[in-house]
Amino acid sequence: MDWFVYDFDHPAYFDHYRDKEADAAVEGPALAALLGLPGGATVLDLPCGWGRLRPALEARGYKVVGGDLSPLNLARHATGHPWKILRLDLRALPFRSASADGVFCAFTSWGYFATEAENLRQLQEFARVLKPGGTLLLDLCGREALKRGVAADEGRWVDLPSLGYRERVRWSPDGRRIWTERRDGEHAFRHDIWIPTDAEARAGLEAAGLVVEAAFGGLHGGPWTRDAERWIYRALTR
Ligand SMILES: C[S@@+](CC[C@H](N)C(=O)[O-])C[C@H]1O[C@@H](n2cnc3c(N)ncnc32)[C@H](O)[C@@H]1O
């Protein structure tokens with residue numbers, strides 16, 4: 001089974017990422033503003049997870065449709081927002097071409113697939129469903145900041161009692177992907193995410209037919225820097 005099918009659809013996922021619910025109060029309004037569309041715009045929240053950022057998108061007047069692969073995330077999403085959510089795979093979106101004003105892709109939700117072709121396919125699908133001139137917001141973690149964050153404990157098992165699990169973080173041997181293993185009781189998880197360089201992220205967007213219109217180095221729209229913790233790209237369809 002692909003890691004992203006197992007890890008994100010396990011009840012422990014909500015526990016491991018419980019801080020992200022509170023983070024949404026800051027991340028949601030900031031990222032929704034960076035999308036930069038007028039009220040009334042149709043925005044696809046892909047992947048939407050349990051819908052933690054949806055209230056902020058709706059607060060800007062966007063008409064939101066969420067989609068995710070994980071039934072467990074979608075079930076939780078449905079308790080707060082029971083409609084306009086779909087089960088889908090990012091590699092084959094069930095939306096008509098040129099049907100959306102915006103695609104909102106938050107919290108490092110690109111690079112999950114094993115092959116470059118599949119990761120490009122995700123961006124191509126985003127581009128396909130956007131109207132001409134439509135906007136993608138792609139919120140990634142900054143590769144250099146991640147390198148610094150991982151360096152001290154790379155490859156070591158670290159106990160995180162407050163979070164209730166042990167964790168080991170390593171770069172893949174080719175240095176392209178970050179492997180995050182977690183042991184929580186008898187459960188074992190292993191995220192395996194491609195962390196692109198800035199050049200690779202831009203090349204992927206361009207190859208998908210998107211033009212980078214702005215790049216930000218943080219939630220509040222500061223300029224992109226190599227060392228920023230988040231690399232947030234706003235790209236438009238040609
Ligand atoms: C890190 S979470 C981010 C969710 C949301 N954007 C947020 O900020 O809370 C990544 C999400 O991607 C979903 N996902 C992973 N692989 C997917 C795929 N192939 N197709 C659709 N969704 C997928 C997971 O189920 C999970 O909900």
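Me: Two strands pair if DSSP finds at least two bridges between them. With that in hand, and bearing in mind that this is a predicted model, what makes β5 and β11 a pair?

Reply: Seven bridges join β5 (residues 130-141) to β11 (residues 230-237). The cut-off is at least two bridges, so the two strands count as paired. They run antiparallel, and Leu-137 stands opposite Arg-234 in β11.

Me: And which sheet do those two strands sit in?

Reply: An open sheet of seven strands, ordered β3-β2-β1-β4-β5-β11-β10, with mixed pairing. From one strand to the next, the twist averages 20°.

Me: Why are β3 and β10 called the edge strands there?

Reply: β3 (85-87) and β10 (210-216) each pair on one side only.

Me: OK, and what makes β4 a partner of both β1 and β5?

Reply: Bridge counts again. β1 (residues 42-45) and β4 share three bridges, while β4 and β5 share five. At least two are needed, so both pairs qualify. Both are in the parallel sense. As for bridge partners, Asp-45 has Phe-104 in β4, and Val-103 stands opposite Leu-136 in β5.

Me: Why is β4 described as mostly covered?

Reply: β4 spans residues 100-105, and five of its six residues are buried. Being buried takes 20 or more other C-beta atoms within 10 Å.

Me: Which residues touch the most other members of the largest nonpolar core?

Reply: That core has 45 residues, and the list is Val-43, Val-103, Phe-104, Cys-105, Phe-126, Leu-136 and Leu-137. In soluble globular proteins, nonpolar side chains tend to be buried together.

Me: Take Val-43. What is Val-43 in contact with, leaving aside its neighbours within four places in sequence?

Reply: Leu-35, Leu-37, Leu-57, Tyr-62, Lys-63, Val-64, Ala-100, Asp-101, Gly-102 and Phe-104. Apart from the largest core lies another, of five residues, among them Tyr-112, Val-169, Ile-178 and Ile-195.

Me: Over to the other sheet. What is the strand order, and what is the pairing?

Reply: Four strands, β6-β7-β8-β9, form an open sheet with antiparallel pairing. Its edge strands are β6 (158-160) and β9, each pairing on one side only. Neighbouring strands are turned by 25° against each other on average, direction ignored.

Me: What makes β7 and β8 a pair, and what about β8 and β9?

Reply: β7 (residues 165-171) and β8 (residues 177-184) have six bridges, and β8 and β9 (residues 187-194) have eight. The threshold is at least two, so each of these counts as a pair. Between β7 and β8, Glu-167 stands opposite Arg-182 and Arg-168 has Glu-181 as its bridge partner. Going from β8 to β9, Ile-178 is matched with Ile-193.

Me: How many residues lie between the strands in each hairpin?

Reply: Five in the hairpin of β7 and β8, where Gly-175 in the turn has a positive phi of about 75°. In the hairpin of β8 and β9 there are two, and Gly-185 takes a positive phi near 60°.

Me: Now the helices. Why is α6 called oblique to α8?

Reply: α6 (residues 116-129) and α8 (residues 198-207) pack at an angle of about 55°, with their axes 8 Å apart. That angle is neither under 35 degrees nor over 145, and it falls outside 65 to 115, so α6 is oblique to α8. The crossing is right-handed.

Me: Which residues meet where α6 and α8 pack?

Reply: Asn-119, Leu-120 and Leu-123 from α6 meet Gly-204, Leu-205 and Ala-207 from α8. α8 also lies across β5, β10 and β11, running at about 20° to β11.

Me: How do you know that Gly-204 is buried?

Reply: Gly-204 has 23 other C-beta atoms within 10 Å. The cut-off is 20 or more, so Gly-204 counts as buried. Gly-204 belongs to helix α8.

Me: What is Gly-204 in contact with, leaving aside neighbours within four places in sequence?

Reply: Asn-119, Leu-120, Leu-123 and Pro-196. Asp-139 is 65 residues from Gly-204 along the chain, and their C-alpha atoms are separated by 14 Å.

How values were computed:
Residues numbered from 1 in each chain as written. Predicted model: local features only at pLDDT ≥ 70, side-chain atom pairs only at ≥ 80, totals over all residues. Core = buried A, V, L, I, M, F, W, Y, C linked by C-beta atoms within 7 Å. Buried ≥ 20, exposed ≤ 12 C-beta atoms within 10 Å, placed from the backbone. Contact = placed C-beta atoms within 7 Å. Axes fitted to C-alpha atoms, helices over the stretch in contact; angles between N-to-C directions. Left-handed = near helix turned anticlockwise from the far one by under 90°.
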